[in-house]
Amino acid sequence: MDTIFIAIFSVTSIGIACAVLLCIASKVMYVKVDERVAAIQGCLPGSNCGACGYPGCNGYAEALITDLEVKTNLCTPGGSMVVEELSKIMGVEGGIISKKLAVIHCLGDCEVQQMKMDYTGIKTCYAATEVFGGQGACTYGCLGYGDCKIACPSDAICIENNLAKINSNCTGCGLCVKACPNKIITIEENFNAPVVMCQNHEKGGAVRKKCSKGCIACTKCVRECPVTAITMEDSLAVIDPEKCNNCGHCIEICMTKCIKAVV
């Protein structure tokens, strides 16, 4: 019996000692948390997209508290309502939130792009890139299996004729950019500006055989741009947004109509 009582006493003593140490540690090591952090986190949409430039919504909330230079209008998915709520919590003026839009640089749906095989593998874009670049003849374009659609928290992407398309629900969060294995999606802020809707870097003849909407590197847009905002880089037209004045001339003269305006 003495052995049992000794064991019980020992275990109880150790438990009490640990409890006392934990209580002391909780007081000594306590870090005061600003109540505004929880309030800010409650306002944010929780998509953790990183469009604000910080690692998720929690990172943005902490940045707002610790750095007075951080603006309250960086959450594009949240829109003006979130900006207003954050500004009230922080006691500052809200400012205007910049509208952003995802752009898929490809027009190669199943009607204009040649198919090289009947792909029967796993129906994801990432998996298709590992099998000869997917079923389309162009390995640079949209694979059409909707990895971007799955990643989108706003239901702003649909798949039509094996081509991803952006609708008006887009908030410009950028999650689709991260999800696309071919890296053909960008986030644009300059609306009505011309964008080259192709990412194929092959020579013009090879592009023609694969897709009727691809850039064929004819250089017509380069030669006729009135502000020299277009250059040809690795057989693909590239528009400099700093030089472009949105005149729309390149859209009109493009041989394959692969230059479109961001709308």
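**Exercise 1. Classify Val20 in this predicted model: is Val20 buried, partly exposed or exposed?**

Solution. Start with the value: Val20 has a relative accessible area of 43%. Next, recall the cut-offs: buried means under 20%, and exposed means over 50%. The value lies in between, so Val20 is partly exposed. The structure is a predicted model.

**Exercise 2. Place Val20 in its surroundings: which helix holds Val20, and which residues form a nonpolar surface patch with Val20?**

Solution. First, find the helix. Val20 sits in helix H1, which covers residues 2-28. Then look at the surface. Val20 shares a nonpolar patch with Ile16, Ile24 and Val28. Together, the four residues have about 380 Å² of accessible area.

**Exercise 3. Describe the overall build: how many helices and strands does the protein have, and why is the protein described as more spread out than a compact globule?**

Solution. Count the elements: there are ten helices and eight strands. Now compare two values. The radius of gyration is 27 Å, whereas the globule rule gives 18 Å for 263 residues. The computed value is well over the rule, so the protein is more spread out than a compact globule. Finish with the spans: the C-alpha trace extends about 95 × 50 × 30 Å along its principal axes.

**Exercise 4. Map the domains: where do they lie in the sequence, and what distance separates the centres of domain 1 and domain 3?**

Solution. Read off the bounds: domain 1 is 35-90, domain 2 is 99-189 and domain 3 is 191-263. Then take the centres over C-alpha atoms. Those of domain 1 and domain 3 are 37 Å apart.

**Exercise 5. State what share of the residues counts as buried, and how much area the protein exposes.**

Solution. Of the 263 residues, 38% count as buried. The protein exposes about 15,200 Å². Carbon and sulfur atoms supply 59% of that area.

Key. Residues are numbered from 1 along each chain as its sequence is written. This is a predicted model: local features need pLDDT of at least 70, side-chain atom pairs count only at pLDDT 80 or more; totals for chains, interfaces and linings use all residues. Side-chain values use heavy atoms; hydrogens and water are left out. Domain bounds come from an automatic or database domain assignment. Patches are made of residues with over 30% relative accessible area and no salt bridge: like charges are joined within 9 Å, nonpolar side chains (Val, Leu, Ile, Met, Phe, Trp, Tyr) within 5 Å. Accessible areas come from the Shrake-Rupley method with a 1.4 Å probe; for residues, only the protein chains shown count as cover. A salt bridge is a side-chain nitrogen of Lys or Arg within 4 Å of a carboxyl oxygen of Asp or Glu. Helices (H or I, at least four residues) and strands (E, at least two) are DSSP runs, numbered from the N terminus. Buried means under 20% relative accessible area, exposed over 50%, partly exposed in between (1.4 Å probe, protein chains only). The radius of gyration is taken over C-alpha atoms; the globule rule is 2.2 Å times the number of residues to the power 0.38.
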